[in-house]
Amino acid sequence: MKKGISDNTKGILLMLLTQLIWSFSILFTKMLTNGYTWSEIISWRFIISLVAFLILIISGVFKVNFKGKSLKALLFMTLWHPIFYFIGETYGIAETTASESSIFIAMIPVVTLIFAIAILGRKPRPIQAVGIVLSVVGIIVMIGLRGEASFNIKGYLMLGLAVLSSAIYFTLSDNFQQYTAIEKSFMVSFAGAIFFTGYSLVEKFLHHESFMSWAMLPFSDAGFLAGTAYLGLGCSLIAYCSINSAIRYIGVERSTSFANITTVITVIGGVSMLHESLTYWQFAGVVLVLVGVYLANKSPKTDIQMEEN
């Protein structure tokens, strides 16, 4: 009797979908930052995502049930991601070079692996650890050999906060199995909408700008609406549901090993769509990342045999 798609395949496909969505987020974010502040972008991103979640929950498409479940654990998770993560990433990227920020973010799978060992008691297979490290080396080869350096300690600390926050969130997501992927993702949008909307409105008040100037942003600019809709529906709703589901299927270590695929997609997109040149170092880095992700997700023969039986 033919069986359906295995959990292993589901997890891999969900992570590939996530990285594909996130790779295009860079384009939309750059487009929006030309005319708007980061707090305006992030606040409306999460508002759109939260509204979409509520519509899907009320209509019965998404199921959530917090009855008998402590919300403290979920709120603790959202403290790290999206709140600490986006603060660290936003200010870190602003204070450092693109190469430095990319290398820092590429360290998320390694830090997550360390947390999985320390908190979850997981012992990764040697080939899995080698694959994760190899993908990071690929990013360094692809981007880090440009020789750009800001030596900005504040920027490094903020990027470090982003890496730490992301690793903690994904490790906790793996550990808190009492919540569904939808429930975890919903709380990310809820916390993001509340915190960053408050942040943006306080910022408006301090700059003596009206509330209506913020409230009318998606209604007065179609480009702003399109960009934040992609970030909210694609990057926050679909991508977070996908990655939290993937963590349940294949574990946090393997799920986060796909993180550096985003950079590969961005490089390939630049070459194929923008006709940018592909250097030998970039090509070597792409190969290292792909080989690293493959090794990190290579199932032992015993696992494959168990899925077939």
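**Close-up views of helix packing and two residues**

**View 1. Helix 2 and helix 8 make a left-handed crossing.** A crossing is called left-handed if the near helix is turned anticlockwise from the far one by less than a right angle, and right-handed if it is turned clockwise. This is a predicted model, in which local features need pLDDT of at least 70 and side-chain atom pairs count only at pLDDT 80 or more, whereas totals for chains, interfaces and linings use all residues. Residues are numbered from 1 along each chain as its sequence is written, and side-chain values use heavy atoms, with hydrogens and water left out. The axes of helix 2 (residues 38-58) and helix 8 come within 7 Å of each other and cross at roughly 140°. Sorted by class, the residues in the contact of helix 2 with helix 8 are 15 nonpolar, eight polar and three charged. Here Ala, Val, Leu, Ile, Met, Phe, Trp, Tyr, Cys and Pro count as nonpolar, Asp, Glu, Lys and Arg as charged, and the others, Gly among them, as polar. Axes are lines fitted to C-alpha atoms, for helices over the stretch in contact, and angles run from 0 to 180 degrees between N-to-C directions.

**View 2. Helix 8 passes helix 11 in a right-handed crossing.** Helix 8 (residues 181-206) packs against helix 11 (residues 222-250) at an angle of about 140°, with the two axes 8 Å apart. Helix 8 and helix 11 are therefore oblique to each other, since angles under 35 degrees count as roughly parallel, over 145 as roughly antiparallel, 65 to 115 as roughly perpendicular and the rest as oblique. On the side of helix 8 the contact is made by A181, I182, K184, S185, V188 and S189, and on that of helix 11 by S236, Y240, C241, N244, S245 and R248. By class, this contact of helix 8 with helix 11 has five nonpolar, five polar and two charged residues. Contact means heavy atoms within 4.5 Å.

**View 3. Helix 7 also passes helix 11 in a right-handed crossing.** The axes of helix 7 (residues 153-175) and helix 11 come within 9 Å and cross at roughly 55°, and these two helices are therefore oblique to each other. Y169, F170, S173 and D174 of helix 7 make the contact with I243, N244 and I247 of helix 11. The residues of this contact divide into four nonpolar, two polar and one charged.

**View 4. C241, a residue of helix 11, is shown with its contacts.** C241 is buried, with a relative accessible area of 10% (buried means under 20% relative accessible area, exposed over 50%, and partly exposed in between, with a 1.4 Å probe and protein chains only). Leaving aside its neighbours within four places in sequence, C241 is in contact with F53, F62, A181, I182 and S185.

**View 5. H208 lies in the loop between helix 8 and helix 9 (211-215).** Although H208 is not a glycine, it has a positive phi of about 60°. H208 is exposed, with a relative accessible area of 76%.

**View 6. The whole chain has 15 helices and zero strands.** Helices (H or I, at least four residues) and strands (E, at least two) are DSSP runs, numbered from the N terminus. Of the 309 residues of the chain, 48% count as buried. Along its principal axes the C-alpha trace spans about 65 × 55 × 35 Å. Among contacts between residues at least 6 apart in sequence, 90% join residues at least 24 apart.
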